[in-house]
Structures are given as structure tokens and as C-alpha cells.
Amino acid sequence: LANKQNTVTQQEALETFSLVEAFNFISEVDFADIEFILEAARLNSALANEGKSKKYGLNINGTFSDAVKKGLLSIDLLSKVIINTVAASDARMGGAPVVAMSNFGSGNQGIAATMPVVTVAEHLNADEETLARALALSHLTAISIHSRYTRLSALCAASTAAMGAAAGMAWLFTRDMETINTAIINMVSDITGMICDGASNSCAMKVSSVVSSAFKAVLMAMQNSCASSNDGIVCADVEQTINNLCRLVVKPMAYTDKEIINIMVAK
């Protein structure tokens, strides 16, 4: 009974864990207490390198890299963010025998929360402490959002993990809480509704979409451009915006989940 009560208390604490609390934590905590999060960078970077070394799954990262070689895409920071992140996802979903650092129990979510932040940190020549604080913010933000809805749902959880990445990237660029909030509001306005139809190679395609959305949302936020409270389900308050998203996941998307399963079983 005591263990059950403790579990309930922990879950309730997660559900009320706000983004500003995550921001304050990573701003004030001793580096030594969060240094372990650098293991996420090491493991998922190794997975990305494996994904670039050979064709795994749908080889989405190879598609982007080939487009760069042909001059169809430039090798700018956005392209690097997408390629590095998707390479890890390709390898993960394609069965590479390499460990991934997860977030909320999912390797793909861990990849989406980690690799965009690592790539931007490398671009900015950030030191290990700065990277650790950005990664801690990314993973804590992803946890804060995911803990408000069901563990399994029809919503692609890579999208909420990438909201964590948006927070981490925005922090690296600005150290500003308002920019972080704006980036997440922009993401909710952009990619809400991306469905999860099971773990497969196509997950890497979804990862490429959500990290692109995250980078775009950060760029908009840095220009003080934000989806307004008159636009769709988002509000001026980031916490209420997240709660609106999770409300869709918990209620109507439960029916979507059942129908997705029916479609997959009938194939």
C-alpha cells in the first residue's frame, strides 16, 4: 500500500510539473548533479553515427544527405539537425545493435529530445555544462508534457519529445523562458494530431517532421512570432496550451486509437 501511495504521489507530482519549474531547475542545479545526462548525448550520437554508416529502415537520413550532395538541399543547421536526429531513428527502428537513451520509456522519444539539442550545441561550440543543462531542460520538458496524457495513445509521442528539443534549442540560443514558451506554443499549433500507428521504420519519417517543426518553432519564437490565442487550440499561456493538447489525447483520440488498431488488424 505504501508503495502504491508513493507511486500515485510521484505521478501527481509529474502531472503538475511545469515548464518554468524545469527552467528554474536547470538554471540553478549544480552541474555535477545533472552531468549524467551527457550519457544521452554520447549514446544517441553513437546511434546516429551507426545510422549514417549503412542503410537502416527507410534510410531517411540517407535521402536528406543525398539531396545535399545533389544540391537540392543545403547543409545548413536545420539540415544537420534533421539528418543527425533521423539517422539515429533510422538505426533504432531498423534494428541496429546499438543502445539508445530513452525518454519516458521510448528510444525514439529519447532521440528526438536529444539529437537536435546536441547538434545545436555543437554549432554554438557549447561546453559540456551548457549542453547538460540544455539536455536536462529538453528531457524534463518532454516528461512534463507526456506525463499529462496516457502512456499509450494515438498521438505520436515523438512530437511531444520534440517539444522538449524545442525548449532545449531555444535555451541554447537565448536563455529566455518566454522564447521557450513561445516555441512550444508554436509547435502545438503546428503538429498536433500526428498519429501513432505502431513502431515501424516509418517512425523515422515522423521524427524528421517533428524536429523540423521544433527548429521552425524556435526560429519564429526568436522573432517574437507566436500563434495567437485566436488560432486553434493554443492559448497565450503555455501550460494551458499543453493541457489542451493533452485533453485531445486523453478524450477523443482514444477513439482514434481504436480505429487505427482496427485498420491495422484488417490489413
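This is a short talk on some helices, a nonpolar core and a few single residues in one predicted model.

Before I begin, please keep in mind that the model is predicted, so that local features need pLDDT of at least 70 and side-chain atom pairs count only at pLDDT 80 or more, while totals for chains, interfaces and linings use all residues. Residues are numbered from 1 along each chain as its sequence is written, and side-chain values use heavy atoms, with hydrogens and water left out.

Let me start with helix α7, where helices are DSSP runs of H or I with at least four residues, and strands are runs of E with at least two, numbered from the N terminus. Helix α7 covers residues 107–123, which is 17 residues, and it reaches 24 Å from its first C-alpha to its last, close to the 24 Å expected at 1.5 Å a residue; the expected span is 1.5 Å times one less than the number of residues. Of those 17 residues 15 are buried, so α7 is largely enclosed by the rest of the structure. Buried here means under 20% relative accessible area, exposed means over 50%, and partly exposed is in between, with a 1.4 Å probe and protein chains only. At the start of α7, a side-chain oxygen of S106 comes within 3.4 Å of the backbone nitrogen of N108, and after the helix follows N125, whose phi is positive, near 55°.

That brings me to phi, because most residues other than glycine have a negative phi. N59 has a positive phi near 50°, and N59 sits in the loop between α4 (38–53) and α5 (60–69). N224 also has a positive phi, about 60°, and N224 is in the loop between α11 (203–222) and α12. Which of the words buried and exposed fits N59, and which fits N224? N59 counts as buried because its relative accessibility is 15%, whereas N224, at 74%, counts as exposed.

Now to the largest nonpolar core, a set of buried Ala, Val, Leu, Ile, Met, Phe, Trp, Tyr and Cys residues joined through side-chain atoms within 4.5 Å. This core has 78 residues, and the ones that touch the most other members are V117, L131, W171, I180, I184 and M187. Helix α9 (residues 157–174) supplies the largest share of this core, with 11 residues. If we leave aside neighbours within four places in sequence, I180 is in contact (heavy atoms within 4.5 Å) with F23, L137, A167, A170 and W171. R175 lies over the face of W171, at 4.1 Å from the ring centre, and the rule for this is that NZ of Lys or CZ of Arg is within 6 Å of the ring centre and within 35 degrees of the ring normal.

My last two residues are A87 and E239. A87 is in helix α6 (residues 77–93) and counts as buried, because its relative accessibility is 0%. Although A87 and A48 are 39 residues apart in sequence, their C-alpha atoms are 4.7 Å apart in space.

E239, in helix α12 (residues 238–250), is buried with a relative accessible area of 18%. What does the side chain of E239 reach at 2.8 Å? It is the backbone nitrogen of L19, and the side chain of E239 also makes a polar contact with the side chain of R148, at 2.5 Å. A polar contact is a pair of N or O atoms within 3.5 Å; within protein, one must be able to donate a hydrogen and the other to accept it, and residues adjacent in sequence count only if both atoms are side-chain atoms.
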